[in-house]
Amino acid sequence: MSQILRINMNDRSHRWEKLPPELETFAGRAFTSNVVADEVEPTCDPLREYNKLVISPGLLSATGAPSSSRLSVGGKSPLTGGIKEANAGGLTATKLARIGVRGIIIEGKPPTGASTWYSVVVRKGKCEIIKNNDYAGIGTYDLISKISKDYPTKPGIIGCGIAGQRLGKGAGLFGNSIENTDPGRFAGRGGLGAVLGSKRIVAIISDDAGGSTPEPKDRTKFEAGRKKLVDALMKHPITGRLKDDKGKPFGALKNYGTNVLTNILSEAGGYPTRAFREGRFEGAAKISGEAVHELVDKTREKFGDKTEGKYGHPCQPGCIIACSNAVPYEDTGKAHVSPLEYESVWALGGNLGIDVLQDVAELNRLCNDLGLDTIETGNTLGMLMEGGMVKFGDGKGATNALKQAYDEKSILGRLVASGAKIMGETLGVTRIPVAKGQSLPAYDPRPIRGIGVTYATSNMGGDHTSGYTIAAEILGMKGKVTDPRSLEKSELSRAFQSTTAYIDSSGYCLFIAFCILDDDNGFAGMKETVDGFLDKDIDVTSYGLEILKKERDFNRRAGFTPIDDRLPEFFRKEPLPPHNVTFDVSDAELDKVYAPYWHAAV
Ligand code: SF4
């Protein structure tokens with residue numbers, strides 16, 4: 001029996017609520033977006049008491065379906081001013097699902113000027129809100145280690161770092177790894193770490209003692225779907241097993257992680273280099289997934305089992321794709337950072353003209369320790385370089401600037417934690433790569449128009465994960481690449497946005513999409529597990545579209561209009577080498593993404 005835990009930080013009270021029937025099929029993003037849209041005043045200040053932070057494990061979390069224990073976090077974003085959902089792996093979704101928690105809704109905030117910090121401990125049918133100033137003001141690596149000592153049962157942990165505690169708009173929510181050794185699992189985007197900080201909560205700790213595996217309503221259908229999906233995932237060259245029958249590397253994600261994309265995007269001329277000035281990076285190979293793979297193998301040869309470097313690592317219990325990694329120091333084999341993902345490598349690497357892998361790993365480690373989103377922070381540092389304060393390619397300069405964020409009194413440090421828009425505007429930069437205030441990720445929209453349409457129109461602001469057309473435009477589905485330069489991408493983007501909303505609610509990791517869009521059996525497996533769990537026939541597209549509509553309506557009530565569905569001017573005016581193209585998609589085509597549904601209401 002699922003329940004909702006509602007926490008009121010005005011008076012630090014809580015209550016357990018029965019899951020209402022209308023939310024029965026909603027979990028993950030469907031849950032967070034519905035609660036935010038129904039309960040949060042769209043025009044409220046996101047960092048004051050009327051915003052809510054909503055947390056929900058995906059529908060299939062802890063069920064044994066493969067790669068299905070993602071955690072969604074939602075609220076009104078301080079970065080975009082619109083609705084936000086961000087999701088991550090880690091342990092928390094599994095723990096909450098096992099103790100029957102469908103969602104946690106955190107509302108209110110202690111009085112302004114209050115000096116006390118809190119942690120929240122969730123157990124089966126119980127919740128404690130504990131005054132705890134020891135957890136505040138320290139790096140997240142130290143924080144995880146302190147919490148692990150205080151709670152030795154390996155609980156799920158999510159929280160905000162120093163950046164979120166100081167209400168920096170670039171702050172994400174960190175989560176612990178499955179080994180409970182580091183804070184590298186981030187629901188990074190949209191500044192939701194600052195929303196948690198505004199509630200004066202540093203950490204939410206969830207323990208599943210007395211919990212159990214959630215039971216599908218139609219076990220036979222669920223099992224049949226699970227087997228189909230496992231089979232399809234393992235056979236697929238992107239999501240598949242580590243080695244083929246001849247012992248050669250097979251699954252791209254298991255071997256090279258998402259960072260396998262660095263060389264591919266750079267070759268394609270769609271890798272935004274030096275703050276979106278060029279589309280190809282001459283140093284791509286040095287920071288690529290292949291380079292990380294080689295480094296891990298090197299430290300394995302040198303240190304044997306003692307190396308902490310790895311690839312093919314699962315970020316959550318039950319993930320069989322296992323795209324995560326740990327980058328080791330070459331001279332000791334100790335872990336430097338985990339994971340190092342494609343978007344982070346891009347944001348802190350090629351985007352800044354940095355091609356030294358250890359510099360990129362160090363910048364990522366610092367972001368994790370401060371509780372900052374790597375994509376937002378990489379773009380923020382990009383604005384510092386674009387504004388002439390640090391040279392492109394200067395890894396040490398970027399590191400020194402980022403370290404300023406530890407210092408509460410440093411204005412530069414505060415700016416580094418505030419996101420690209422604020423940094424760019426402060427420095428008089430007129431090429432600020434944001435959509436709805438949130439900075440763009442690792443795919444330039446000029447040569448790859450579909451992802452540009454997603455960036456412009458997504459309810460979430462600049463966000464590749466909300467409609468990852470790269471799967472069709474660069475990687476090709478069913479062996480067929482959709483021309484990335486075609487200007488008619490509204491339908492493609494809408495289809496990706498709606499399927500993604502469904503996947504983000506199911507608990508599945510978005511990376512199953514590489515396989516299920518390619519393999520009908522995999523798609524059927526995904527759907528049967530969800531249908532079997534609920535004992536209902538859920539239509540993937542209409543379920544996703546309903547979520548998008550709800551989110552769109554929130555943004556409309558917050559004051560967004562179709563004009564907000566545009567990219568910054570420089571994408572239309574500055575051709576991107578080497579293909580020398582601009583983002584030429586018409587406004588009418590952008591408006592078509594949502595026009596059939598609700599532009600009329602605007
Ligand atoms: S595929 Fe990668 S990101 Fe997704 S759940 Fe597995 S390890 Fe995590």
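This is a short walk through one protein chain and its ligand, going from the overall build to a few local details.

Before anything else, please keep in mind that the model is a predicted one. The protein chain contains 23 helices and 17 strands, and its C-alpha atoms fill a box of roughly 60 × 60 × 55 Å when the box is taken along the principal axes. Of its 602 residues, 65% count as buried. If we take the contacts between residues at least 6 apart in sequence, 69% of them join residues that are at least 24 apart.

One pair can stand as an example of positions separated along the chain, namely Gly 283 and Val 356, which are 73 residues apart in sequence and, C-alpha to C-alpha, 8.4 Å apart in space. Gly 283 belongs to the loop that runs between α8 (261-268) and α9 (289-303), and with a relative accessible area of 3% this glycine is buried.

Let me turn to the nonpolar cores. The largest one has 126 residues, and within it Tyr 443 and Met 526 are the two that touch the most other members. As for where this core comes from, its largest share, 7 residues, is supplied by helix α11, residues 357-370. Leaving aside residues up to four places away in sequence, Met 526 is in contact with Leu 229, Tyr 502, Ile 503, Tyr 508, Ile 512, Ile 516 and Val 540. There is also a second core, separate from that one, with 31 residues, and among its members are Leu 71, Tyr 118, Leu 173 and Ala 194.

Now to the ligand. Which residues are around the ligand? They are Arg 70, His 313, Cys 315, Gln 316, Cys 319, Ile 321, Ala 322, Cys 323, Ser 324, Cys 509 and Phe 511. Sorted by class, this shell around the ligand holds 7 nonpolar, 3 polar and 1 charged residues.

Since several cysteines appear in that list, including Cys 315, Cys 319, Cys 323 and Cys 509, one may ask how many disulfides the count comes to. The count is 0 disulfides. Cys 515, for instance, is in no disulfide, and the nearest cysteine sulfur to it, that of Cys 509, is 12 Å away. Cys 515 has a relative accessibility of 0%, so it counts as buried. Cys 323, at 14% relative accessibility, counts as buried because the cut-off for that label is under 20%.

A residue I would like to look at in more detail is Ser 77, which is found in the loop between β4 (71-76) and β5 (83-88). Is this serine buried or exposed? Ser 77 is buried, its relative accessible area being 0%. Its side chain has polar partners on the backbone: a polar atom of the Ser 77 side chain lies 3.0 Å from the backbone nitrogen of Thr 80, and the side chain also reaches the backbone oxygen of Gly 190 at 2.7 Å. Beyond residues up to four places away in sequence, Ser 77 touches Pro 46, Gly 82, Lys 84 and Gly 190, so that Gly 190 appears both as a polar partner and in the contact list.

Finally, some points of backbone geometry. Most residues other than glycine have a negative phi, and most peptide bonds are trans. Against that background, two residues with positive phi can be named. Ala 62, although not a glycine, has a positive phi of about 70°; its place is in the loop between β3 (53-57) and β4, and at 16% relative accessibility Ala 62 counts as buried. Lys 154, also not a glycine, has a positive phi of about 55° and sits in the loop between α3 (140-150) and β9 (156-159). With a relative accessible area of 41%, Lys 154 is partly exposed.

Which peptide bonds can be named as cis? The bond from Ser 338 to Pro 339 is cis, with omega near -10°, and Pro 339 lies in the loop between β15 (335-337) and α10 (342-348). A cis peptide bond also joins Pro 577 and Pro 578, where omega is about 5°, and Pro 578 is in the loop between α22 (569-573) and α23 (587-592).

Notes:
Residues numbered from 1 in each chain as written. Predicted model: local features only at pLDDT ≥ 70, side-chain atom pairs only at ≥ 80, totals over all residues. Heavy atoms only, no water. Near = heavy atom within 4 Å. Nonpolar A, V, L, I, M, F, W, Y, C, P; charged D, E, K, R; others polar. Helix = DSSP H or I, 4+ residues; strand = E, 2+ residues; numbered from the N terminus. Buried < 20%, exposed > 50% of the residue type's maximum accessible area, 1.4 Å probe, protein only. Polar contact = N/O pair within 3.5 Å; in protein donor to acceptor, adjacent residues only side chain to side chain. Contact = heavy atoms within 4.5 Å. Disulfide = S-S within 2.5 Å. Core = buried A, V, L, I, M, F, W, Y, C linked by side-chain atoms within 4.5 Å.
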